[in-house]
Amino acid sequence: MTAPPRTVETARPGATTASPPETDRPRRQDAAHEAPATARPARHDAAHGASSAAARPTPQDTAHEALPTDRPARPGEPGALTAGALAAGVDDAPQVLERCRTLVRPALEEAVGRLHPWIGEMAAYSFGWCEVGGAPAVASGGKGVRQALAVLGAKAAGAPERAGVAAAVAVELVHTFSLLHDDIMDGDGDRRGRPTAWKAYGTGPAVLAGDALFALAVQTLAAEPGGAGAVRTLSEALGDLVRGQADDLLFAGRPWTGPERVRPDEYRAMAEHKTGALLGCAAALGAVLAGAGPGTVAALDRAGRHLGVAFQIVDDVLGIWGDPRVTGKPVHGDLREGKKTFPVLVALDSPMGGRIAGLLEAGDAPETAARLIEEAGGRAAALAEARRHIAAVETALADAPSTARAADELRALLGYLVRRDV
């Protein structure tokens, strides 16, 4: 029913694929939804507001419990020490994010200010800068992780952080474009406590605003020295993102059992394309505009892609077993919605799979299903998988020549991604 995941043998030259480090073959996945949060007023007619510095609750404690980094690995949990290395500087990440937002915000405002005023207002609303009609916003925006990765990608290549600003703007525009369309496809009516753009402005206008942001991202990169290579990097990532989104939509219609059921390998490929592609692209784009060599660009892209898979799988664990007081989501929410997440897919391949599938098909007893999935090894396997990809992130960063400071900040940011809801 769905196209098979691209393999190394069939991938275009230079493509990576995010598989566990045992295979030592990088592979490609979007789950982190955010727009830049800042208290500075927008400098164009469509966005007169400032966004609140308050952030929504984050499952930091729950994620830390789910992915422990302060003890040696237990049997079946490879990579715990590597996860600890990634998370060592995680407390520095908020300062890194704030510094990068401050650097990027003026250029992002200037770019959005070139749009048609009505479209510019919808874009500003999506970024959290204004309310419908252009009044100052009180809603919180996101943390700007992708723009920070672009800035740090330039820094890792030995250039000033400012060399990555255009890449950061382009990635932020593309990410917001993807959210506008994702919300429509998923039928989501709320984002961060207020109506999504299509609910606030209508479906057609929201699609148009997304298209405008995509075009603006391409224009932003094309105007830079070395822009042709940057546009190629972005277009390849977008192709992967669309592929992952298509597979994710198709997964929903596939059965829980039988030869057509979704396999864990298919999920890995989907997650890398849907979530990891844009994370990898962000870091790689900054390096491209900084004039980095292909080895550094590929290593940063690979790190982001593996990070995307780890993030998505940790998010899956939180979606079933996370504390709702921390995650802000209902307990067993993903099971109630019938999502085909990694812990579930692994458990379905166990001897208990038939019983679990029956509960999921009936939509009954999510508490019982969660318990059986854990007993079948789904939770442990998911955490082990996340740790393997975190180990691969470390390997990829080691392959990217950079200053010690840039490497430390990248590790802090990537560890923050895994341990927090972004």
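This passage describes the overall make-up of a predicted protein model, its largest nonpolar core and the surroundings of one tryptophan.

In the predicted model, the protein contains 18 helices and two strands. Of its 422 residues, 60% are buried, while the surface that the protein exposes amounts to about 15,800 Å², with 56% of this area supplied by carbon and sulfur atoms.

The largest nonpolar core comprises 112 residues, and within this core the residues with the most contacts are Leu149 and Leu173. The element that gives the most to this core is helix H11, which spans residues 294-321 and provides 14 residues. When neighbours within four places in sequence are left aside, Leu149 is found in contact with Leu279, Ala282 and Ala283, and also with Leu410, Leu413 and Leu414.

Trp118 was considered separately from the core. This tryptophan lies in helix H4, a helix formed by residues 117-127. Because its relative accessibility is 41%, and partly exposed residues are those between the limits of 20% for buried and 50% for exposed, Trp118 counts as partly exposed. Apart from neighbours within four places in sequence, the residues in contact with Trp118 are Tyr201 and Pro205. With respect to Gly134, which is 16 residues apart from Trp118 along the chain, the separation between the two C-alpha atoms is 9.6 Å.

Note on methods. Residues are numbered from 1 along each chain as its sequence is written. This is a predicted model: local features need pLDDT of at least 70, side-chain atom pairs count only at pLDDT 80 or more; totals for chains, interfaces and linings use all residues. Side-chain values use heavy atoms; hydrogens and water are left out. Helices (H or I, at least four residues) and strands (E, at least two) are DSSP runs, numbered from the N terminus. Buried means under 20% relative accessible area, exposed over 50%, partly exposed in between (1.4 Å probe, protein chains only). Accessible areas come from the Shrake-Rupley method with a 1.4 Å probe; for residues, only the protein chains shown count as cover. Contact means heavy atoms within 4.5 Å. A nonpolar core is a set of buried Ala, Val, Leu, Ile, Met, Phe, Trp, Tyr and Cys residues joined through side-chain atoms within 4.5 Å.
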